[in-house]
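Student: I should like to learn how to read a protein model feature by feature. Could you guide me through one?

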Amino acid sequence: MSEGYQKINAESVDRWCAEGWEWGEPITHETFKKAERGEWGVYLTPTKYVPHEWFGELKDKNILGLASGGGQQIPVFSALGAKCTLLDYSHTQCESERMVAEREGYERSEERRVGKECRSR
C-alpha cells in the first residue's frame, strides 16, 4: 500500500499548524479543568458544539479519535473519564496531544501516526 496520501495529509496538517491553524491549537489548562467539572464542549463545526446527548455518559467509555490529534477533543473526553485512543497522521498534532496529556496527567491508550510511528502509553 502506498503511503503517499498519508504523507501528503501529514505534511499539509503540520504546515497548517505551523501557520496557526485553529484546529492545531491545544486546549488550555483552564479548559481541561472546566471539563473535569462538567463544563465542556467539542466542536461539530467551527461555530457549533456537538450536543452532549449525542455522546451519552462518557465515564469509562472507550473512544477512538480518528484524525483528532491536536489536544482539543481527546483531552476533554479524558477529563470526563473516557478511555481514549488516538490516531492521527500529523506528527505535530500527535505532539500537541502528548503535551496536553503530560501537562494534565492523564493517559491515552496509545497514539500513532501511520508511516513514522508516534506512540505513547
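Tutor: Let us begin with a loop: Ala-67 lies between β3 and α3. Please keep in mind that this is a predicted model.

Student: What sign does the phi of Ala-67 have, and about how many degrees is it?

Tutor: As a general idea, most residues other than glycine have a negative phi. Ala-67 is not a glycine, yet its phi is positive, at about 55°. Ala-67 counts as exposed because its relative accessibility is 66%.

Student: Which residue in the loop between β2 and β3 should I examine in the light of that?

Tutor: Asp-60 is found in that loop, where β2 covers 48–49. Asp-60 also has a positive phi, of about 65°, although it is not a glycine. With a relative accessible area of 45%, Asp-60 is classed as partly exposed.

Student: How should I read the overall architecture, and how many helices and strands does the protein have?

Tutor: One counts the elements and then reads their order. The protein has 4 helices and 5 strands, and along the sequence they follow the pattern α-α-β-β-β-α-β-α-β. Of the 121 residues, 39% are buried.

Student: Which elements make a β-α-β unit, and what is its handedness?

Tutor: The unit consists of β3, helix α3 (residues 73–79) and β4, and it is right-handed. Its two strands, β3 and β4, run parallel and are joined by 5 bridges. Within this pairing, Gly-65 stands opposite Leu-86 of β4.

Student: Where is Asn-62, and is it buried or exposed?

Tutor: Asn-62 is found in strand β3. Asn-62 counts as exposed because its relative accessibility is 64%. One may also consider its distance to a residue further along the chain: the C-alpha atoms of Asn-62 and Gly-81 are 9.6 Å apart, with a separation of 19 residues in sequence.

Student: How do I read the two faces of a strand, and which residues of β4 are on the covered face?

Tutor: The general idea is that in a regular strand the side chains alternate between the two faces of the sheet. In β4 (residues 83–87), Cys-84 and Leu-86 are on the covered face, whereas Lys-83, Thr-85 and Leu-87 are on the uncovered one.

Student: Which residues form a nonpolar patch on the surface?

Tutor: Leu-87 forms one with Leu-64 and Leu-66, and together they have about 280 Å² of accessible area. Leu-64 is placed in strand β3, which spans residues 62–66. Leu-64 counts as exposed because its relative accessibility is 54%.

Student: How should cysteines be read, and how many disulfides does the structure hold?

Tutor: In general, a disulfide is a covalent bond between the sulfur atoms of two cysteines. This structure holds 0 disulfides. Two of its cysteines may be described by their accessibility: Cys-17 counts as buried at 11%, and Cys-94 is buried with a relative accessible area of 0%.

Student: How many salt bridges does a search of the whole structure find?

Tutor: The search finds 5 salt bridges. For each, one reads the partners, the distance between their atoms and their exposure. One of them joins Lys-7 to Glu-11, with the closest N and O atoms 3.5 Å apart.

Student: Why are Lys-7 and Glu-11 separated by about one helical turn?

Tutor: They are 4 residues apart in helix α1 (residues 4–18), and therefore about one helical turn separates them. Lys-7 counts as exposed at 53% relative accessibility, while Glu-11 is partly exposed at 43%.

Student: What is the N to O distance in the salt bridge between Arg-103 and Glu-104?

Tutor: The side chains of Arg-103 and Glu-104 meet at 2.6 Å, N to O. Arg-103 is partly exposed, with a relative accessible area of 35%. Glu-104 is buried because its relative accessible area is 13%, and the cut-off for buried is under 20%.

Student: Which residue meets Glu-39 in a salt bridge?

Tutor: The partner of Glu-39 is Arg-37, at 3.5 Å, N to O. Arg-37 counts as exposed at 55% relative accessibility, whereas Glu-39 is partly exposed at 44%.

Note on methods
Residues are numbered from 1 along each chain as its sequence is written. This is a predicted model: local features need pLDDT of at least 70, side-chain atom pairs count only at pLDDT 80 or more; totals for chains, interfaces and linings use all residues. Side-chain values use heavy atoms; hydrogens and water are left out. Patches are made of residues with over 30% relative accessible area and no salt bridge: like charges are joined within 9 Å, nonpolar side chains (Val, Leu, Ile, Met, Phe, Trp, Tyr) within 5 Å. Accessible areas come from the Shrake-Rupley method with a 1.4 Å probe; for residues, only the protein chains shown count as cover. A salt bridge is a side-chain nitrogen of Lys or Arg within 4 Å of a carboxyl oxygen of Asp or Glu. Buried means under 20% relative accessible area, exposed over 50%, partly exposed in between (1.4 Å probe, protein chains only). A disulfide is a pair of cysteine sulfur atoms within 2.5 Å. Two strands pair if DSSP finds at least two bridges between them. A crossover is right-handed if, with the strands pointing away from the viewer, the path from the first strand over the helix to the second runs clockwise.
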